[in-house]
Amino acid sequence: MTVAQARRMALAAQGFADRAPTGAVGARQLRKIVVGRTGLLQIDSVNVLQRAHYLPVYSRLGAYDPSVLDAASGKRPRWLFEYWGHEASLLPVELQPLLRWRMARAEGAWGGPRSIAAQRPDLVAWVLKEVGERGPVTSAQIEQDVPKPKDNWGWNWSDVKKALEWLFYSGDITSAGRTTQFARLYDLTERVLPAAVVHTPTPEPAEAYRKLVELSARGLGVAAEPELRDYFRLPLAGARTAIADLVEEGVLIPVQVQGWKQQAWRHRDAAMPRRVAVSTLVSPFDPLIWERGRTERLFDLRYRIEIYVPQEQRVHGYYVLPFLHGDRFAARVDLKADRRAGVLRVPAAWSEPGTDPHATAEALAVELRRLAGWLGLSDVAPPERGDLASALADAGVRGSVSSVV
């Protein structure tokens, strides 16, 4: 297939070809069009614009009430839960058994929690007891009751947090929701997840890998091995065996995408629309662009998030969102929600090679006003720099915005 065909297949698999709902967005649309397509939503604490897990829903459904997503993971009956899927993620609760292999291998957790579990099992046991007696509870609330030091012995807040994260990684506890400050509320897993999920038998790792690779393939449409593996951060050997099994079963169809050096596969149910007509901003943490190599092969977009790059070394800006227009990325724009002033700031706007800057600016101006309205901001500031700044200003990006939620 051509790259253009692969691109349309990928966008359809991610929900960008679905018709957006005309009325209010509820749990049904969230399930079907977003989570049903992507399989999971990545969580990130950066809030310069909007928290990461809310943005993929906006990109596919437009303006919606974020409390719909909050309720899915924070109120009964929950159908989303937090765990390490692709980084920290919100996942459908029925996937929890498929991730127990990761919980059982909790030595894969990062250094701090792993070292606490090895060096202070007494602390871990005490924290688990506290969660069992008091949950749902934040780490700060547990810290208030930490035993005082005696004989040069004691625990501090960071140690408690590490113990909580170890228990979270190993599956003994999970998140019962978030506070308004985005602090995780910890509780025992059996009190958070539906009983039917808790009592589901644990599959063998090989079976879990196969199911997770198939979910990855469904979400990607067409993909090579690195991105099939990366979607749920699967081990190399397990992912390769799963791919081979799924090919043998006819679930994955080998294809060759023109210009790709890598062998690719498409899911047997993947659709290929004739066209994709969408104009929306896409989060740096959107599943569509998780795997940067695939993003370059599909969209000819070399994207790198520059949050952790020193300011003087940034090329495009701090929190830059690519602008998807049609089936291509036509621009990228650095954005900041100035909530105190009620303004969507545009520190920079850049066009992509081969695009019409004036047509792009017109479409992007509409999208920025739509985004500002969803965020509850009343105005869009003129862009401050970038090769698209002038055209975007000419397109009337600055203007009054009414809330659309």
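Glutamine 14 is found in the loop between α1 (3-13) and α2 (27-38). This model is predicted. In it, glutamine 14 has a relative accessible area of 2%. Buried means under 20%, so glutamine 14 is buried. Which residues does glutamine 14 contact, leaving aside its neighbours within four places in sequence? They are Ile33, Arg37, Thr38, Arg60, Gly219, Tyr231, Asp286, Pro287 and Leu288.

A second loop residue comes next. Glycine 221 lies between α12 and β6 (222-224). Its relative accessibility is 1%, so glycine 221 counts as buried too. Look for alanine 271. The two residues are 50 apart in sequence, yet their C-alpha atoms are 7.6 Å apart in space. Residues up to four places away in sequence set aside, glycine 221 touches Met9, Ala13, Trp265, Arg266, His267 and Ala270.

Now move to glutamate 225. Its place is in helix α13 (residues 225-230). Is glutamate 225 buried or exposed? At 17% relative accessibility, it counts as buried. Glutamine 263 is 38 residues away along the chain, and the C-alpha atoms of glutamate 225 and glutamine 263 are separated by 7.6 Å. Glutamine 263 is also among the residues that glutamate 225 touches. The others are Leu236, Arg240, Ile243 and Trp265, again not counting residues up to four places away in sequence.

The next topic is helix packing. Two packed helices are described by the angle between their axes and the distance between those axes. Take helix α12 (residues 205-220) and helix α14 (residues 236-248). Their axes come within 9 Å and cross at roughly 75°. That makes α12 roughly perpendicular to α14. From α12, the contact uses Tyr209, Arg210, Val213 and Glu214. From α14, it uses Gly238, Ala239, Ala242, Ile243, Asp245 and Leu246. By class, the residues of this contact are six nonpolar, one polar and three charged. Ile243 of α14 appears here, and Ile243 is also touched by glutamate 225.

A second pair is helix α6 (residues 111-119) with helix α7 (residues 121-134). The axes come within 5 Å and cross at roughly 105°. α6 and α7 are therefore roughly perpendicular to each other. α6 supplies Ile116, Ala117, Ala118 and Gln119. α7 supplies Pro121, Leu123 and Val124. The contact of α6 with α7 has six nonpolar residues, one polar and no charged ones.

Aromatic rings come next. How many aromatic pairs does a search of the whole structure find? It finds eight. One of them joins phenylalanine 299 and phenylalanine 329. The ring centres are 4.9 Å apart and the planes stand at 65°. Planes over 60 degrees apart count as edge-to-face, so this pair is edge-to-face. Phenylalanine 299 lies in helix α15 (residues 292-299), and phenylalanine 329 in strand β11 (residues 328-338). The pair therefore ties together parts that are 30 residues apart in sequence. Both phenylalanine 299 and phenylalanine 329 are buried. Elsewhere, Tyr58, Tyr64 and Trp374 form one aromatic cluster.

Rings also meet charges. Arginine 184 lies over the face of phenylalanine 168, at 4.1 Å from the ring centre. The charged end of arginine 297 sits over the ring of tryptophan 260, 4.3 Å from its centre.

Conventions:
Residues numbered from 1 in each chain as written. Predicted model: local features only at pLDDT ≥ 70, side-chain atom pairs only at ≥ 80, totals over all residues. Heavy atoms only, no water. Axes fitted to C-alpha atoms, helices over the stretch in contact; angles between N-to-C directions. Helix = DSSP H or I, 4+ residues; strand = E, 2+ residues; numbered from the N terminus. Parallel < 35°, antiparallel > 145°, perpendicular 65-115°, else oblique. Contact = heavy atoms within 4.5 Å. Nonpolar A, V, L, I, M, F, W, Y, C, P; charged D, E, K, R; others polar. Phe/Tyr/Trp six-rings, centres within 6.5 Å; stacked < 30°, edge-to-face > 60°. Buried < 20%, exposed > 50% of the residue type's maximum accessible area, 1.4 Å probe, protein only. Lys NZ or Arg CZ within 6 Å of the ring centre and 35° of its normal.
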